[in-house]
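Colleague: I've got a model open on my screen and a pile of labels I'd like to challenge. Can you walk me through them?

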Amino acid sequence: MKFVDTAEVHVVAGDGGNGRTSFRHEKFVDRGGPDGGDGGVGGSVVFVASTNQNTLMNFRYHQELIAERGGDGSKTRKHGRNGKDLRVMVPVGTVVYDGDAMVADLSTDGQECVIAQGGRGGFGNAHFVSSVRQAPKFAEPGGVGEARDLRLELKLIADVGLVGLPNAGKSTFLSVVSNARPEIADYPFTTLTPNLGVADVRGTGSMLIADIPGLIEGAAEGKGLGDEFLRHVERTAVLMQLVDITSDDIVADYRTIEKEVAAYSSELAGRAKIVVLTKIDQSLPELVQEAEKKLQKILPKNVQAFAISAQAHKGLQELLYATYDLVQKERVRTAVIAAEQAPDEGLPVLRLADEAGWKVEKQDDRFMVSGPKVDRFAARTDFANDESIARLRDIMRKQGIMHELSRQGAEPGATIVLATGTLEL
Ligand SMILES: Nc1nc2c(ncn2[C@@H]2O[C@H](COP(=O)(O)OP(=O)(O)OP(=O)(O)O)[C@@H](O)[C@H]2O)c(=O)[nH]1
Ligand SMILES: [Mg+2]
């Protein structure tokens, strides 16, 4: 299985529907009251983490994710239809970036995140009736849906990560114990991209195992295929380190990998570990025992060593059971830590800009007014319509912007520039 682990997407939430300007038409009534309905809310783009997905491959072909626009309001106060949210399934473990900023980390099955918020529906003219405004002849355009360019990154959340020198037998092991069919060959760097496989452990359960390209000394500084693939095993519960028994110096081989892992991340170096001597069909039983002893001597007390032959199917069950036990223990332990560190905060909604604040800047004889909220009101104003502008003025007054304008010396007739249009004071 080839593994695609980054993707770029353009997400666009639906705009809100426009409010409607209309008046009741009744028989014998010349002109009825305003009855323009509100626009519907635009659909949002929502990412949903799912264990049913395990690659970002789909995004190679669907780089644009666009949610539905809200329907326009209509006569007789009819509300526009709300745009449907676009729900996008992403693999558990997907991390979403906007530039350098991480905007979402979807780490548990079923977790949802609003990635781009739909625009709000514009109010119809019926909404604006007040004691002083009996027949408003304007309605709001719908709010603009959020749009952003995002990069998705998937760190495999496998249970077990296989590490070792090139040719150690990692892919062979994966192919024998799991459903994966990785490429295997008698030369280093056969594996160029990570492989994932599910291993069924007889009578107990299953584990997801990740096989990555071989590491060599200096990998952390970019030698060989570099250490970039270590990020695929960054979150695995257990690291399984494979050492080829036919090597001249198994202890040195073990240390080389240990060093590279530590250079990559101290956290990874502290990960639960199992060490495995491979290809024992190539060695005499007494030499295998000797090698096991040698290894066990230099390993920390809590690290077990095993000896297997993937080709001859030797020692595999024992190794899988022990690995599964360790994975279970680690899953329980890390679940407790995660629960302590991250109380459930409900559905996170991401906002592009802060709600509060505006500013007034004098430039020559014009006054520039900006701020997230006032920009949004401006976007919903029809600058060709006096009444719509009057309403924007009201809002600016309520926010204290008018006061600030006169404080800065704006006089009646002065040009006020907003994000989407200009008006006269
Ligand atoms: N005799 C014997 N050969 C094995 C065994 N396991 C793997 N090999 C051989 O060792 C060579 C390398 O195996 P791979 O599984 O490709 O090794 P790898 O660690 O994935 O190598 P890279 O992807 O290059 O890092 C192949 O020729 C395999 O056939 C085994 O149990 N016994
Ligand atoms: Mg390989």
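Modeller: Here come the labels, each set against its cut-off.

Modeller: One thing up front: this is a predicted model.

Colleague: Fine. What makes Ser22 buried or exposed?

Modeller: Count the C-beta atoms around Ser22. A residue needs 20 or more other C-beta atoms within 10 Å to be called buried. Ser22 has 21 C-beta neighbours inside 10 Å, so Ser22 counts as buried.

Colleague: Where is Ser22, and what is Ser22 in contact with?

Modeller: Ser22 sits in the loop between strand E1 (6-12) and strand E2 (45-50). Once you set aside neighbours within four places in sequence, Ser22 is in contact with Asp35, Gly36 and Lys75. Contact here takes C-beta atoms within 7 Å. As for Gly33, that residue is 11 residues from Ser22 in sequence, with 8.6 Å between the two C-alpha atoms.

Colleague: How about Thr76 and Lys279: what is odd about the phi of each?

Modeller: Thr76 isn't a glycine, yet has a positive phi of about 50°. Lys279 isn't a glycine either, and its phi is positive at about 65°. You'll find Thr76 in the loop between strand E3 (64-66) and strand E4 (86-91), while Lys279 is in the loop between E13 and H5.

Colleague: And how do you know which of them is buried and which exposed?

Modeller: Same counting game. The exposed label applies at 12 or fewer C-beta atoms within 10 Å. Thr76 has 12 C-beta neighbours inside 10 Å, so Thr76 counts as exposed. Lys279 has 23 other C-beta atoms within 10 Å, and the buried label starts at 20, so Lys279 is buried.

Colleague: On to helices. How do you know the span of H8 agrees with what is expected?

Modeller: Helix H8 (residues 386-398) has 13 residues, which at 1.5 Å a residue should span 18 Å. The end C-alpha atoms of H8 are 18 Å apart, so the two agree.

Colleague: Why say that the buried residues of H8 are on the same side?

Modeller: The buried ones are Ser388, Arg391, Leu392 and Met396. They cover an arc of only 145° around the axis, which puts them on the same side of H8. On the other side, Asp386, Asp394, Arg397 and Lys398 are exposed. Helix H7 (372-379) and helix H9 (401-407) are among the elements covering the buried residues. After H8 comes Gly400, with a positive phi near 90°.

Colleague: What does H3 look like when you run the same checks?

Modeller: Helix H3 (residues 250-264) has 15 residues and reaches 22 Å from its first C-alpha to its last, close to the expected 21 Å. In H3, the buried residues are Asp253, Tyr254, Ile257, Glu260, Val261 and Tyr264. Seen down the axis, the buried residues of H3 fall within an arc of 130°, so they line one face of the helix. They pack against several elements, including strand E12 (238-244), strand E13 (272-278) and helix H5 (285-298).

Colleague: What makes E15 and E16 a pair?

Modeller: Pairing takes at least two bridges. Strand E15 (residues 359-363) and strand E16 (residues 366-370) are joined by 5 bridges and run antiparallel, so they qualify. Glu361 stands opposite Met368, and Lys359 stands opposite Ser370. E15 and E16 form a hairpin with 2 residues between them, and Asp364 in the turn has a positive phi of about 55°.

Colleague: And how many bridges does E16 have with E17?

Modeller: E16 pairs with strand E17 (residues 415-418) over 3 bridges, in the parallel sense. Arg366 has Thr415 as its bridge partner in E17.

Colleague: Which residues of E16 are on the covered face, and which on the uncovered one?

Modeller: Phe367 and Val369 are on the covered face, with Arg366, Met368 and Ser370 on the uncovered one. Side chains in a regular strand alternate between the two faces of the sheet.

Colleague: Last one: what surrounds ligand 1?

Modeller: There are 24 residues around ligand 1, and Ser171, Thr172, Asp186, Thr191 and Gly214 are the closest. By class, that shell has 8 nonpolar, 12 polar and 4 charged residues. Helix H2 (residues 170-177) gives the most to the shell, with 3 residues.

Notes. Residues are numbered from 1 along each chain as its sequence is written. Chains are lettered from A and ligands numbered from 1 in the order in which they are written. This is a predicted model: local features need pLDDT of at least 70, side-chain atom pairs count only at pLDDT 80 or more; totals for chains, interfaces and linings use all residues. A residue is near a molecule or strand if its C-beta atom, placed from the backbone, lies within 6 Å of it. Helices (H or I, at least four residues) and strands (E, at least two) are DSSP runs, numbered from the N terminus. Ala, Val, Leu, Ile, Met, Phe, Trp, Tyr, Cys and Pro count as nonpolar, Asp, Glu, Lys and Arg as charged, and the others, Gly among them, as polar. The expected span of a helix is 1.5 Å times one less than its number of residues. The arc is that of the directions from the helix axis to the C-beta atoms. Two residues are in contact if their C-beta atoms, placed from the backbone, lie within 7 Å.
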